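Hi everyone, thanks for coming. Please bring the sequence and the model up on your screens, and I'll walk you through a few spots in it.

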Amino acid sequence: MGQAGCKGLSQSLLDYKTEKYVIAKNKKVGLLYRLLQVSILTYLVVWVFLVKKGYQDTDTSLQSSIITKVKGVTFTNTSELGERLWDVADYVIPPQGENVFFVVTNLIVTPNQQQKTCAESESIPDALCYRDSDCPPGEPVVAGNGVRTGRCLRVGNMQRGTCEIFAWCPVETKSRPTKPLLGKAEDFTIYIKNFIRFPKFNFSKTNVLDTKDKAFLKSCHFGPENPYCPIFRLGSVVSWTGSNFQEIALQGGVIGIQIEWDCDLDKAPSECNPRYSFSRLDNKFSENSISSGYNFRFAKYYRDGAGVEFRTLMKAYGIRFDVMVNGKAGKFNIIPTIINIGSGVALMGAGAFFCDLVLIYLIKKSHFYRDKKYEEVRSVMLLPLQPGGTFVGAPLIRAPLPGLETLPWLDGNAWCVTAGPLGGPLEGPRKVECSENMLYRAGFCLRAAGRRKGLQRPWAGDLVSRPDSAAICHVTSDKSEASLGLSFSLRERASTYVLGFLDLVVLVGWG
């Protein structure tokens, strides 16, 4: 870095910037600024404070507990099970009453299974065989029911048979049912008890009405008139998801029950109410799709009088319920209020910045507003004046040098410059009041002297002075134009304004 660069850097470190307010009489930019202000204010008041409640501190760490109970009985009479009464202990799995539970609506029953050898089901591809060598002993059947014994069992004179297996025999052979076993289960009821707590505010509540009336829960059902009676009819829950109960009972499905707590703790606790929503969570395929429905298998074991173990295998179809709880609580707090107000004020500043860009860069008269908005002032050391209108040590120059700003002549007349005390520094930026027929330019008062016709040589005109200043120079020429040069530093030209004076030089042409 050269000496001049180091000097410029050291000088720039001592610069001081102060705000200058310019009132731009431009209706378009003024209207744009007001529209931005109204938009930001509307956003802050309506969205931030009224909708999002930006004045509140929030707690989303909800602590929740779910207890569920299903009630209802039904009667069936089938060839596999005979006459049978079904109560909650038969069709609810698991019986503990958790937030995820399953209600059986259909069954495929394979009774009296015993561990022995039998033929594998023909519906298992890996169990098909033509000879005994196709059934290596000890190997399990892929997706089958048991372990191969080494024999290929054929029916009659058929060439293809199935491998003999050691398994719970007879194996399950029935396919998907065509009618739900517990079709009347839609009248069963589900009781969902939910306890919540917001630890930040130490606030707790439940979705059950706080009453001592023991008959309340035995007679009420959930509805708009009973929001604190969380007893739901099974068929109604399915219908609220947009599904048909008989269809979902046939093949099974998954239903989500969402409980949402949105509590404004600036209001009374009674205003904090749960909101319920219901949705079908499993993909609803066509009736013939192999991916539709929900099922699983379980067995019930017993022994006969001889001590031989048997079991009844059940493939259960039904509805799985997932109870999910979400929520948040909010309460007034001065800290988020101040933060959101500060953000709004910052947005106001951004709006002013955007209008500044439009004013000084985008509109037609942007250069005019740039000149008015940005200005730099700097103190200047003036040189002693010699007789003849030149400064001591300043050579006479016939044309402006590069980097000099040229001020035009007015009607062919020379300009006169007045400043501080002769030979002393110009005392900083201050308001200058110029006399009549004088103009203010760059910290000086300038005026034109009269031209005398026919003169080929320069002459000294009237001195320009004020009570607090001395005449610096006053020369004129018979040429149609001449120059008064002011030397400037062009640093930060990209910022749209010229920074301070370096020196003052009077350029005079002699012939």
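Let's begin at K53, which counts as partly exposed because its relative accessibility is 28%, and partly exposed runs between 20% and 50%. K53 sits in the loop between α2 and β1, the strand at 56-59. Have a look at its backbone too: K53 is not a glycine, yet its phi is positive, at about 50°. Please keep in mind throughout that this is a predicted model.

What does K53 lead us to? One partner is D264, which is in contact with K53, Q56 and G330 once its neighbours within four places in sequence are left aside. D264 belongs to strand β13, residues 253-264. Is D264 buried or exposed? D264 is buried, because its relative accessible area is 15% and the cut-off for buried is under 20%. Its side chain also has a polar partner: a 2.6 Å polar contact joins the side chains of D264 and Q56. And how far is D264 from A329 in space? From C-alpha to C-alpha the two are 5.9 Å apart, although 65 residues separate them in sequence.

That sort of link across the sequence also shows up in the totals. Taking contacts in the protein between residues at least 6 apart in sequence, 68% join residues at least 24 apart. While I'm on totals, the protein has 511 residues, and 38% of them are buried. Its secondary structure consists of eight helices and 25 strands. The exposed surface comes to about 30,900 Å², with 55% of that supplied by carbon and sulfur atoms.

Now back to α2, the helix that comes before the K53 loop. Helix α2 covers residues 27-51 and helix α7 covers residues 334-362; their axes come within 10 Å and cross at roughly 160°. So α2 is roughly antiparallel to α7, because an angle over 145 degrees counts as roughly antiparallel. The crossing of α2 and α7 is right-handed. If you'd like to colour the residues that meet, the α2 side includes V29, L32, Y33, L36 and I40, and the α7 side includes I341, L347, M348, F354 and V358. Two from the list that you may want to label are Y43 in α2 and C355 in α7.

Next stop, two threonines. T312 is found in strand β16, residues 309-332. T312 counts as buried, because its relative accessibility is 13%, which is under 20%. Which residues is T312 in contact with, beyond its neighbours within four places in sequence? They are V109, T110, P111 and N112, along with F298, A299, K300 and Y302.

The other threonine, T76, is in strand β3, residues 74-78. T76 is buried as well, with a relative accessible area of 6%. Its side chain makes a polar contact of 2.7 Å with the side chain of W86. Leaving aside residues within four places in sequence, T76 is in contact with G82, E83, R84 and W86, and also with L181 and L182.

Let's move on to cysteines. C135 lies in the loop between β7, at 128-129, and β8, at 147-153. C135 is buried, with a relative accessible area of 1%. What does C135 touch, not counting residues up to four places away in sequence? Among its partners are the cysteines C129, C152 and C163, and R148, G150 and R151 are there too. The C-alpha atoms of C135 and C152 are separated by 6.4 Å, with the two residues 17 apart along the chain.

Last, a few backbone details to check on your screens. The peptide bond joining I93 and P94 is cis, with omega about -5°. P94 lies in the loop between β5, residues 92-93, and β6, residues 100-119. There is also a cis peptide bond from C169 to P170, where omega is near 0°. P170 is found in the loop between β9, residues 161-169, and β10, residues 189-198.

And finally N202, which is not a glycine but has a positive phi of about 55°. Where is N202 placed? N202 is in the loop between β10 and β11, the strand at 203-206. N202 counts as exposed, because its relative accessibility is 58% and exposed means over 50%. Thanks, everyone; I'm happy to take questions.

Definitions and conventions: Residues are numbered from 1 along each chain as its sequence is written. This is a predicted model: local features need pLDDT of at least 70, side-chain atom pairs count only at pLDDT 80 or more; totals for chains, interfaces and linings use all residues. Side-chain values use heavy atoms; hydrogens and water are left out. Helices (H or I, at least four residues) and strands (E, at least two) are DSSP runs, numbered from the N terminus. Buried means under 20% relative accessible area, exposed over 50%, partly exposed in between (1.4 Å probe, protein chains only). Contact means heavy atoms within 4.5 Å. Accessible areas come from the Shrake-Rupley method with a 1.4 Å probe; for residues, only the protein chains shown count as cover. A polar contact is a pair of N or O atoms within 3.5 Å; within protein, one must be able to donate a hydrogen and the other to accept it, and residues adjacent in sequence count only if both atoms are side-chain atoms. Axes are lines fitted to C-alpha atoms, for helices over the stretch in contact, and angles run from 0 to 180 degrees between N-to-C directions. Angles under 35 degrees count as roughly parallel, over 145 as roughly antiparallel, 65 to 115 as roughly perpendicular and the rest as oblique. A crossing is left-handed if the near helix is turned anticlockwise from the far one by less than a right angle, and right-handed if clockwise.
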